[in-house]
Amino acid sequence: MMPLRNLLYLLQLEEYDLKRFNDWLKNNPDRIVFEKKKHIDWTLKARILWALANIFNVFTFGNGPMAIKIVLRFLLPFYILVKKILVSIARIKISQMNNLTIIGITGSYGKTTTKDAISHVLIHKYRTLKTEGNYNTPMGIAKTILRNLLKNHEIFVCEMAAYQTGDIKTISKLIKPKIGIITAIGPVHLERFGSEENILKTKLELIESLPESGVCFLPKELEPKIKNFNIKSKIEFFSSKEELLVKVGKIFEMPEDEILGYLKTAPPTPHRQQIIKTSAGITIIDDAYNSNPAGFNSALELLKNTPAQIRILVTPGMIELGKKQFELNKEAARSATQVADYVIIVGE
């Protein structure tokens, strides 16, 4: 049976979703999840859960999954209450900052790198705050607002995550963005959403929440797909990340050459096509954070264009693609054989 600490780690990976936690255990009865991708985030919630689970683990005769489930169900009403209180306080705090411009960023992929790039550019001229790490849910964003948002901040760049329809709408009510950016739409978390139509509908909740004085930025390929949505704000389309950052910079009266100059000095976002050169002459392209069809092909293109005698791809493939998972991984595998000399598949 999986050790209690590893069970807690799995629960965090599944965003404390008890159904997904149960499904994983049911489908993988003999496997153990190790802290490879990251480590347990010892938040107050995790510490309380850990302490109580150890106690209940005695009463369940070492049945760790049962102990975790009992504690989680016991604590759920308290978590919901605390979440409502913190989100409400954060909403009041941010609503009182009349001179704050809020930029909301969502999308199937590219959210974090876009957030980091925009923040890096704007911070040279404005007092800018951005959400850090995976603080992109209502609770995480509320914590950022309560802990880090100061009265002298002029811009708040907020990454917004979604796992089901209504999630982006909830975050939008909290922060009330004036500028909205959708980075891309693709079959990411398709297993949760059910269809790409639901993904598009959920991401566009950000754009529908903008005021008439607001501005939304959308990928050019979405232009024919948004006709039936209630969009009140001005719409700008972009074809590349660079074009998006020039367009956003213009709103804040920053010249194009200045923006491009700052982009050259932007630090890489960890685990997102991060290039690491070793003393042994090996170039590592670290794109290990997550993967999706577009991101996979982009990483392969970078691998292809990186000067090398031998190119090696190490990958577990792509997950959470629902019914398309086998088909899309098969396409990715075929593409990989055209680029890499060796392909190492890890996991099952």
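**Strand pairing and salt bridges**

In the predicted model, I276 has I284 of strand β8 as its bridge partner. The two strands involved, β7 (residues 274-277) and β8 (residues 283-286), run antiparallel to each other and are paired over four bridges. They form a hairpin with five residues between the strands. Within this hairpin, G281 adopts a positive phi near 85°.

Charged side chains were examined next. The search of the whole structure yielded 12 salt bridges. One of them joins K115 and E159, with a nitrogen-to-oxygen distance of 3.3 Å. K115 belongs to helix α5 (residues 111-122) and E159 to strand β3 (residues 155-159), so this contact ties together parts that are 44 residues apart in sequence. K115 has a relative accessibility of 2% and therefore counts as buried, the cut-off for this class being under 20%. E159, at 3%, is also classed as buried.

Helix α5 takes part in a further salt bridge through D116, whose side chain meets that of K130 at 2.9 Å, again from N to O. Because K130 is in strand β2 (residues 128-130) and D116 is in helix α5, the pair links parts that are 14 residues apart in sequence. The relative accessible area of D116 is 16%, which means that this residue is buried. For K130 the value is 21%, so K130 is partly exposed.

A third pair consists of K324 and E196, whose side chains form a salt bridge with an N to O distance of 3.3 Å. K324 is located in the loop between β9 (312-315) and α13 (325-337), whereas E196 lies in helix α9 (residues 196-208); the salt bridge therefore ties together parts that are 128 residues apart in sequence. K324 counts as partly exposed, with a relative accessibility of 34%. E196 is placed in the partly exposed class as well, at 29%.

Salt bridges can also be connected through shared partners. Such sharing joins K234, E236, E243 and K247 into one network.

In summary, β7 and β8 form an antiparallel pair, and the salt bridges described include K115 with E159, K130 with D116 and K324 with E196. Both K115 and E159 are buried, while both K324 and E196 are partly exposed. The remaining pair combines a partly exposed residue, K130, with a buried one, D116.

Technical notes:
Residues are numbered from 1 along each chain as its sequence is written. This is a predicted model: local features need pLDDT of at least 70, side-chain atom pairs count only at pLDDT 80 or more; totals for chains, interfaces and linings use all residues. Side-chain values use heavy atoms; hydrogens and water are left out. A salt bridge is a side-chain nitrogen of Lys or Arg within 4 Å of a carboxyl oxygen of Asp or Glu. Buried means under 20% relative accessible area, exposed over 50%, partly exposed in between (1.4 Å probe, protein chains only). Two strands pair if DSSP finds at least two bridges between them.
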